[in-house]
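Reader: I have a model open on my screen and would like to talk it through. Could you walk me around it?

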Amino acid sequence: MEFTANTAEQAAPDPVRSAVYYDGKSSRKRTVVLAFGDKLVISGEGLPSESWDYADIRRADGAPGVLRVSCLSASPLARLEIRDATLAADLESRCARLGDNSLDGRSIARIVGWSLAAAASIVLVILFAIPLAADRLTPLVPASFERRLGDAADAQMKAVFGGHACKAEAGQAALVKLVDALRKSSGLDLAVEPAVLDTPIPNAFALPGGKVYLLKGLLAKADDPDEIAGVLAHELGHLAHRDSVREVIYNGGTSFLVGLLFGDVTGSSTLIFASRSLVTATYSREAEQNADSFAIEVMQRLGRSPKPMGELLFRVTGKEGDNPLSILASHPLTEDRLKRMSELDRQAAGPPLLTRTEWTELKSICGPVSKT
Amino acid sequence: MNQMSFVAGQPPGVPPAPVAFSGNRGRFLSLASRGAALELVTFGFYRFWLVTDIRRHLWSHTLVDGDAPEYTGRGRELLVGFLFAMAILVPIYLVYFVIGIEAERFKAFASVPLVIGFYAFGQFAIYRARRYRLTRTVWRGVRFWMDGSGWAYAWRSMLWGLLVLVTLGGAYAWREAALERYKMHHSHYGDLQGSFEGRGWELFKRTWGLWLFGPVAWIIFPLLPIFYAEFKAREWRWWLCGIRFGDVRLESKLPNTALYGLYWKVIGWFLLFDLVIGAYVALCVFLLKGSGPMEAAMQALPKNIPFMVLLVIGYLAFILAFNVVMRLYFQRDLWARVASSTKVHAIESAENVTAKGEAASALGEGFADGLDVAGF
Ligand SMILES: [Zn+2]
């Protein structure tokens, strides 16, 4: 059926049937008359009559109180605006697919589903692909870059632990002797600079490039040179495996991917930090295990038992398995480490690594020890 | 010379067309709250749809001469733009990393120029993101659009940025004017070309006091939001009054003090949320700490799983609530105040504009998201 009504007949448009029309080719505002037949027919003065299929009509954003619609088969920016509520309701009732453009519950559910899938795949990449990439890339990083990394970390570490290096000469000589023995036995080809930092925290760490720091708190808890030797050998293990470089690559990659997820959510840096610490813990546990293996091997080659190191750690941390969050710890559980080292315990075959006097000097490197 | 000569170029009898904002605040609030919750559930991916919903709301409730513009962008476009941008950015990041290491080998800080490269890329992204938003804006069936080059803009932005750095911020006003001139000169409404008449000197005259006494505000901290709000209001007014499309020009009567309330309210909400989360954490500690000496009990807390879970929930609630507050005040309320202060002169010259220009891709928005730069 064809709409044939002459526009001249409607020279005085019925106010209820009139609407505003923009043809999408110019910004000219036209008052038009609507007719509801098989199709919606839009006619106005000086305008070729347009007919819109009801099924093609979609709602477009409009101000409150205005029904603004577009039509899939018309010019993409052509708009019809209806201000009269009855007329708008009439048109709405004829257009079954008016709201197809809007975001309904189903499409939101789809967004949620795909987001979860994307998040899962990013987690998989973090768990499997990035560790592999870090392993492959680490050997390619030049040693000079590693040293610069270490220098930057050095200043930070000293600021964090607030300690300065203890300078007692005899003690330092004993420390250097101990580290040198370990280094030679391990075949590590790197200038290692050991020092004791004057802070009560019981810990030790190695910085990329060769600085090894023993914190006084750990030294104070040690009863035997072999205990300290094991810890230092563990730190040399980190240096030999270039764990810091690997960690930088790994952390960079995971931060980037986790950042992708959260994007511009305010406070996302904390979310990124938290979720990253969660996934990196697994990764660094493996590095710790490898450093332990390194230490065990070095001690055995020197004819000393690795067990004292495990005992020292156990003395410092106590049993850790009771902690339900231990899965998040960056180190293997101390009791597991002690168990592993105890199994490899054997009678010392090699000479002691330090003499009695040297050990006493090392213990008092930061000044006289009050404890007997 | 007649009495009306102070409004030059306006024929007497044609009053300027008003701009009004008719959006319901409660509806925006529920839109932003629902969006924040969905952002959480989707690990942030919903941001593309939330941003779209917010723009659709703001555009469609802003009446310019009685007719609201329409935002035709969609969340899916932003997602695709973001993925494309990532596909381009990831290799660049990797090359940047490798070159950075190599450069550092020869000389410390030799990698600084690379950082500048990323800044330039960010400026490019800002320009292209603006282009996306503009080409998704339709008023009376005719699209706004933009040409010009993102890289040309980035160059200008960098050179002006250098000048601002050298003059300790003194050249800021001229930088804004020059960049705005470039952007507006390449903006169009149909076949009406945009331009920008705001002068750097004008902005400088209006803001030099704030620039000069800015350092004082850093010392006397509560002055800072006042200074910033005052500065922003003056800048908005200057910007709006400079905008032209053909003969159409905007005029803004935004009072200097118009934005004070927004900043104070956001700060107030932030402090309130801080108090609430503090009380919440204290309650969790009180309920879940074990018996025994205080110190030992406190040390055991980080190992207490229910406590940690409650802490994470509290933190997320805090972030979500604050996100909603920021969007409500800094997007919706700011928009409403600025829009309703604006009038459009000579709008009759836009009555029969011929449509022109195509919709631009969302790649620019993707870059802006990936590089964490924002532009308006
Ligand atoms: Zn370790």
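Author: Happy to; what follows is a short set of questions and answers on this predicted model.

Reader: How many helices and strands are there in chain A?
Author: Both kinds of element occur in chain A. The count is 11 helices and 10 strands.

Reader: What share of the contacts in chain A between residues at least 6 apart in sequence join residues at least 24 apart?
Author: Let's set aside pairs that are closer along the chain and take contacts between residues at least 6 apart in sequence. Within that set for chain A, the share joining residues at least 24 apart is 61%.

Reader: What percentage of the residues in chain A are buried?
Author: Chain A has 372 residues, and its accessible surface is about 18,400 Å². Carbon and sulfur atoms account for 56% of that surface. As for the residues of chain A, the buried share is 47%.

Reader: Is A:Arg242 buried or exposed?
Author: This residue sits in the loop between helix H6 (225-241) and helix H7 (243-262) of chain A. Its phi is positive, near 55°. The cut-off for buried is under 20% relative accessible area. A:Arg242 has 18% relative accessibility, so it counts as buried.

Reader: Where does B:Asp65 lie?
Author: Most residues other than glycine have a negative phi. B:Asp65 has a positive phi, near 55°. With a relative accessible area of 28%, B:Asp65 is partly exposed. Its place in chain B is the loop between strand S2 (62-64) and strand S3 (70-71).

How values were computed:
Residues numbered from 1 in each chain as written. Chains lettered and ligands numbered in written order. Predicted model: local features only at pLDDT ≥ 70, side-chain atom pairs only at ≥ 80, totals over all residues. Heavy atoms only, no water. Helix = DSSP H or I, 4+ residues; strand = E, 2+ residues; numbered from the N terminus. Buried < 20%, exposed > 50% of the residue type's maximum accessible area, 1.4 Å probe, protein only. Contact = heavy atoms within 4.5 Å. Areas by Shrake-Rupley, 256 points an atom, 1.4 Å probe, with all protein chains shown as cover.
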